[in-house]
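Okay, thanks for coming, everyone. Let me put the structure up and walk you through a couple of spots in it.

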Amino acid sequence: MTVLRTPEPGQAAILTELCLRSKAVWGYDEAFMAACRPALTMTVDDWRQSDIQIAVQDHDIVGMAQVTYHGEIAELDKLFVDPAALAGGIGRKLFDWSVETALRKGAKVMTVDADPCAADFYRRLGAVDDGVVASTVVPGRFLPRLKLDLTSVR
């Protein structure tokens, strides 16, 4: 059984490694993964500036999500699932938590700057394309921006 809970700041390194393992599932090379490390590194500041949730199975952290806020816009900053736990519903459970959390904070829209390989996951959950954004990791690379109208979720 998967349980969602708020992680402790002392788990930042564990969550960083989870994010990196999950990102690597798409077959990116070592140089790309090294470039991604700063963007995927969790810090104590993340606990002060966002809402974070982890998915736990049998005492193992198998997923995490992070939501940040900009007025009425929530951003799904991170949603990662351990490769060994993919396709088990954990991503959907974390996405649902993200939506509910954003709604409780008064957000009207949730955006996701998605890895191109993960964009279809968000589309299946109701997000629609809303243009592209420049990657903060690789110059010249663009990521699909998706959005979910939270006013239609309720």
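Quick bit of vocabulary before we start: when I say strand, I mean a DSSP run of E with at least two residues, and both strands and helices are numbered from the N terminus. Also, keep in mind that this is a predicted model.

So, let's begin with Thr111, which sits in strand 5, residues 109-113. Is Thr111 buried or exposed? Its relative accessibility is 12%, and the cut-off for buried is under 20%, so Thr111 counts as buried. And what does Thr111 touch? Leaving out residues up to four places away in sequence, you get Ile73, Ala74, Glu75, Leu76, Leu146 and Lys147.

Okay, on to helix 1. That's residues 12-24. With 13 residues at 1.5 Å a residue, helix 1 should span 18 Å, and the end C-alpha atoms are indeed 18 Å apart, so that agrees. A good part of the helix 1 story is burial: Ala12, Leu15, Thr16, Leu18, Cys19, Leu20, Ser22 and Lys23 are buried there. The cover over those buried residues includes helix 2, helix 3, and strands 2, 3 and 4.

Now the helix pair. The axes of helix 1 and helix 2, residues 30-40, come within 10 Å and cross at roughly 140°, so the two helices are oblique to each other. The crossing is right-handed. On the helix 1 side, the contact uses Thr16, Glu17, Cys19, Leu20, Lys23 and Ala24, and helix 2 brings Phe32, Met33, Cys36, Arg37 and Leu40. By type, that contact has seven nonpolar residues, one polar and three charged.

Key: Residues are numbered from 1 along each chain as its sequence is written. This is a predicted model: local features need pLDDT of at least 70, side-chain atom pairs count only at pLDDT 80 or more; totals for chains, interfaces and linings use all residues. Side-chain values use heavy atoms; hydrogens and water are left out. Axes are lines fitted to C-alpha atoms, for helices over the stretch in contact, and angles run from 0 to 180 degrees between N-to-C directions. Helices (H or I, at least four residues) and strands (E, at least two) are DSSP runs, numbered from the N terminus. Angles under 35 degrees count as roughly parallel, over 145 as roughly antiparallel, 65 to 115 as roughly perpendicular and the rest as oblique. A crossing is left-handed if the near helix is turned anticlockwise from the far one by less than a right angle, and right-handed if clockwise. Contact means heavy atoms within 4.5 Å. Ala, Val, Leu, Ile, Met, Phe, Trp, Tyr, Cys and Pro count as nonpolar, Asp, Glu, Lys and Arg as charged, and the others, Gly among them, as polar. Buried means under 20% relative accessible area, exposed over 50%, partly exposed in between (1.4 Å probe, protein chains only). The expected span of a helix is 1.5 Å times one less than its number of residues.
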